[in-house]
Amino acid sequence: MSNKLADVLYFNGYIYTADAENSVVEAIALAAGKILSCGTKQQLQEFVTPQTEQIDLHGNMMMPGIIDGHLHPFWGGQQLCGCHLNYESLTIEQILERVQQHLDQDVLKGENDWLRVTAWLRQGMIPAGVDMYRSDMDRLKTVRPVILFSNDCHTLLANSRALELFGLDKNTPEPSDGKIGRYDNGELNGILEDAPAMRASDSIPSWNDEQSVKVAAMVQHALNAQGVTTIMDARVSEQQLDAFSTLQKRGELTIRFQAAREITPDEAHSVTAVAAAVDKAVEFANQYHQAEWTPEPGIGLRNIKMFVDGVLQPPTMTASLLEPYTINNGTESEPDWQVTDRYGDLYFTPAILDELMEKIAAAGFDPHLHTVGEGAISITLDAIEKMRAAHPDKDIRPALAHNELVAAKDYQRFARLGAIACLSFQWAAPTQELIDAERQMLGDARFQELEPIAKFIDAGATVAFGSDWPIDGLDEWYDLKVAATRRGHTINGIVPPRLDNDRDLTVTEILRAATINSAYAQHRDGVIGSLESGKFADLIVLDRNVFQIPTEDIENVKVLRTVIGGKIVYCAE
């Protein structure tokens, strides 16, 4: 008999391991938070003692826990508690009515207490030729500072009191990494886009330390219930890291927490400023990074984040393109599409981005970049190519997040340069209205490269999944379903349109993207991401077998049990 004895034996299951052979086994033995072995129940009897807990899976599917490789957990926590608009397409009057109702019920708050309204679907207003401004917000019956934070987290709308507290007025200079909206007379209209929106949101007093810990606990429970065992916070702050660190010290951390520290264009405003900006990010990361993980959930910080461009959808249109935007100067019923001279925005020059990539790699960190448009993707791949030449022997795993519009030539470059495509699969399910508008905005040829997923895989590149929650609601299995169908929700029996410009992913490709590929992107594939001997026992049990159901049914998967390091952290009622 082996000198290793199992604490737990799961058997009689369909256990997808995500190993190199995509093996499926019927039993798995765990000990001290790690996987002893996988195989048949009979093969694993050598690990079983009278003290071994034996759990019959009754044919249910087990797989590695989901590794969400790009999300914003504290922004998500704001969605779980407070005033939110549920990502609904609403009129100005409907928005004001909902916000006023919340204000009227929030009677314990004083005149200096902020109200942050989240999940505002600004782009849902634009097809009707409507936008919302400070003058609309000032109609609310309150003296409190109030802001709307858009669902894409790239636009913030403030009332006059909020602008005053932000210290913004008509004399505020235009930033280099976003926009501050103005009326024709130069007065601010309340709209902040891209980095100014994020900075303003970050500056709002939110939770004290203990409240932050409670939010972190609530967030990890919501993620555990979806089968998520590891996350990568794509723009972390000290407050967030302190909250999850406190949970770890208390023995209450139930999710493995990876993170990326942002370098802003203000910090890296020139080539000569890059070294100090990288040193600052590295110093911050080293305060929290735990290089060696154990079966108990830990914290890692070896990614450095940059926003290279903005967002694609109107009216913001700050994603960097290689050809200019086309916009509708007419109405939805009587469109008038015209080519503009607008190419979007790049928040770092190529020279600064080259220097950032080299210095980040020299420090042994992985770059994690927000790249939405083909222009941003192209210059980022150029920078990665130079980084590879400067550090040919370093194991640097750069990830480009989002990649909504890609130049056809660049899929092969992802593969050749070892650049990881970190994708939010659900974005490949736009409504028919968005499909029609984006085809007009981009033209037929470029529309074929919108929201690609399989094209990266077919070119040999690594695709990792990242939900980008709360850009969309937290629904991991819906996101994975979209990768298999390129369709959204069926509502009232109406089948949604298919974004018919790429093939569907296979179930195996989807699960690998959300497990072992995401582990690889985080430099943690040696200990998590697949169910193999010696790795941590991070696994989930599902109520249905995703290999055996119609792909449309994947969104209905329910997680029955989530196990991290051999410990049950979630169990369905």
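Contact here means heavy atoms within 4.5 Å. The model is predicted.

**Exercise 1. Helix H10**

Task: Check whether the length of helix H10 agrees or disagrees with its residue count. Then find which elements its buried residues pack against.

Solution:
- Step 1. H10 covers residues 374-390, which makes 17 residues.
- Step 2. At 1.5 Å a residue, the helix should span 24 Å. The C-alpha atoms at its ends lie 24 Å apart, so the two agree.
- Step 3. List the buried residues. Among them are Ile377, Ile379, Leu381, Ala383, Ile384 and Met387.
- Step 4. Look for their partners. The buried residues of H10 pack against two strands, S20 (366-371) and S21 (399-402), and against helices H9 (350-362), H11 (410-417) and H13 (444-447).

**Exercise 2. Ala383**

Task: Decide whether Ala383 is buried or exposed, and name the residues in contact with it beyond its sequence neighbours.

Solution:
- Step 1. Place the residue: Ala383 sits in helix H10.
- Step 2. Apply the cut-off. Buried means under 20% relative accessible area. Ala383 has 0% relative accessibility, so it counts as buried.
- Step 3. Set aside neighbours within four places in sequence. Ala383 then contacts Leu353, Asp354 and Met357.
- Step 4. Compare with Glu21. From Ala383, Glu21 is 362 residues away in sequence and 34 Å away in space, C-alpha to C-alpha.

**Exercise 3. Strand S11**

Task: Work out which residues of S11 lie on each side, and in which sense S11 pairs with S10 and with S12.

Solution:
- Step 1. Recall the rule: side chains of a regular strand alternate between the two faces of the sheet.
- Step 2. Sort the residues. Val146, Leu148 and Ser150 are on one side, and Ile147 and Phe149 are on the other.
- Step 3. Check cover. Both faces are covered, and five of the five residues in S11 (146-150) are buried.
- Step 4. Take S10 (residues 115-120). S10 and S11 run parallel over four bridges; Leu115 has Val146 as its bridge partner in S11.
- Step 5. Take S12 (residues 155-158). S11 and S12 are antiparallel over three bridges, and Phe149 has Leu156 as its bridge partner in S12.
- Step 6. Inspect the turn. S11 and S12 form a hairpin with four residues between them, and Cys153 in the turn has a positive phi of about 60 degrees.

**Exercise 4. The second largest pocket**

Task: Find which residues lie nearest the centre of the second largest pocket, and which element gives the largest share of its lining.

Solution:
- Step 1. The pocket holds about 630 Å³ of space.
- Step 2. Its lining has 37 residues; Asp202, Arg235, Val236, Ser237 and Glu262 lie nearest the centre.
- Step 3. H5 supplies the largest share, five residues.
- Step 4. By type, the lining has 15 nonpolar, nine polar and 13 charged residues.

Note on methods:
Residues numbered from 1 in each chain as written. Predicted model: local features only at pLDDT ≥ 70, side-chain atom pairs only at ≥ 80, totals over all residues. Heavy atoms only, no water. Expected span 1.5 Å × (residues − 1). Buried < 20%, exposed > 50% of the residue type's maximum accessible area, 1.4 Å probe, protein only. Pairing = 2+ DSSP bridges. 1 Å grid on protein atoms, 1.4 Å probe; cavity = no way out; pocket = protein on both sides within 12 Å on 5 of 7 lines; lining within 4 Å. Points joined across faces, edges and corners; volume = space filled by probe spheres on them. Nonpolar A, V, L, I, M, F, W, Y, C, P; charged D, E, K, R; others polar.
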